[in-house]
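These are my notebook entries on one protein chain. I record in turn what I looked up.

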Amino acid sequence: MANTRGNLVAARIYEVDSSGNEKGGGLSVDCMFNPFEYTVSKSNQYEQRPQNRSDVPSVEFKQSGPQTLRLSLIFDTYEDGEDVSRITNRLWKFMESKTRQGSGSNRKVPPPEVAFEWGVFCFVAVITEMTQKFILFKPDGTPVRAKVDATFTQHIDREDYPNQNPTSGDGPPQRVWK
C-alpha cells in the first residue's frame, strides 16, 4: 500500500474485472492527497399519477438508480518540478474507450471498470465524468498542481454477491469432510 505525502494510507483508483476484483496488470493510480470529503448519492425513479379528489398525486415506483460517488483529488509535483499531467493522464485512461476491428467492422470497447478504495470504503464503478483544473505552474508554464473532480457511477454492488464458499473469505468452514 502506498502512502500520501502526509504518510497516511493513500486512497487509490484501480481497474477491476467484470466481478469487481482488481484486474491483474490493470491500471492503478495512488492518490497523492486523500480527499477531504466525498459524497455518495442515489436516486429512484417514480411515475406520478393524478388521484381523484386530491391535489397530491400517487406515485408508482419504476426503477432504482445506481449510486454515484463524487470527490475531488489534488495531485502535486511542485517539489520535483515535473509536469503533474504525467500522473493525471493515467486517470484519463479510465475514461478512454477504444475502437477494435473485428469481423470486417469496428466496435467500441467501453472504458474500463474501476474501484475507488480508501480504508474500508470500496466503490466499484465506471467514471462517468471528470474535470481537471491546473492550479499551480512553474515559471515556464509547466503545470505542477492539479485538482481533479470525478464522478463514479456504480455498476456492481459487492453486497449483492456475498462470498459463497470458505475459500472466498466468508469465514471458517462449518464442516470438513474426510
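Entry 1: contacts of one residue. I count two residues as in contact when they have heavy atoms within 4.5 Å of each other. The model I consulted is a predicted one. With that cut-off I looked up L71 and left out residues up to four places away in sequence; L71 touches E37, Y38, F116, V148, D149, A150 and F152. I noted that L71 belongs to strand β4, which covers residues 58-76. Is L71 buried or exposed? Its relative accessible area is 4%, and the limit for a buried residue is under 20%, so L71 is buried. I also looked up one distance: the C-alpha atoms of L71 and V40 lie 9.0 Å apart, although 31 residues separate the two along the chain.

Entry 2: the chain as a whole. I looked up the secondary structure and found 1 helix and 9 strands in the protein chain. Along the sequence, I read the pattern as β-β-β-β-α-β-β-β-β-β. The chain has 178 residues, of which 29% are buried. I then turned to contacts between residues at least 6 apart in sequence, and 58% of these join residues at least 24 apart.

Entry 3: aromatic rings. How many aromatic pairs are there? Counting ring centres within 6.5 Å as a pair, I obtained 7 aromatic pairs. One of them joins Y38 and F121, with ring centres 4.7 Å apart and planes at 20°; stacking requires planes under 30 degrees apart, so this pair is stacked. Y38 lies in strand β3 (residues 38-49) and F121 in strand β8 (residues 121-137), so the pair ties together parts that are 83 residues apart in sequence. I noted further that ring pairs link Y38, F116, W118, F121, F123 and F152 into a cluster. Two members of this cluster besides Y38, namely F116 and F152, also appear among the contacts of L71. Y38 itself has a relative accessibility of 31% and counts as partly exposed.

Entry 4: strand pairing. Which strand pairs with β1 over 4 bridges? Strand β1 (residues 12-15) pairs with strand β7 (residues 114-118) in the antiparallel sense. Within this pairing I found E15 opposite V114 of β7. β7 also pairs with β8, again in the antiparallel sense, over 5 bridges. Here E117 stands opposite C122 in β8. The hairpin of β7 and β8 has 2 residues between the strands, and G119 in this hairpin takes a positive phi near 60°. As background, I recorded that side chains in a regular strand alternate between the two faces of the sheet.

Entry 5: E15 and the largest pocket. I returned to E15, which is found in strand β1. Its relative accessibility is 15%, and it counts as buried. Apart from neighbours within four places in sequence, the contacts of E15 are N21, E22, K23, G26, L27, F94, P112, E113 and V114. I next looked up the largest pocket, which holds about 280 Å³ of space. Which of its lining residues are closest to the centre? Of the 16 residues that line the pocket, these are E15, K23, P110, P111 and P112. Among these, K23 and P112 are also contacts of E15. By class, I counted 7 nonpolar, 1 polar and 8 charged residues in the lining.

Terms used:
Residues numbered from 1 in each chain as written. Predicted model: local features only at pLDDT ≥ 70, side-chain atom pairs only at ≥ 80, totals over all residues. Heavy atoms only, no water. Phe/Tyr/Trp six-rings, centres within 6.5 Å; stacked < 30°, edge-to-face > 60°. Buried < 20%, exposed > 50% of the residue type's maximum accessible area, 1.4 Å probe, protein only. Pairing = 2+ DSSP bridges. 1 Å grid on protein atoms, 1.4 Å probe; cavity = no way out; pocket = protein on both sides within 12 Å on 5 of 7 lines; lining within 4 Å. Points joined across faces, edges and corners; volume = space filled by probe spheres on them. Nonpolar A, V, L, I, M, F, W, Y, C, P; charged D, E, K, R; others polar.
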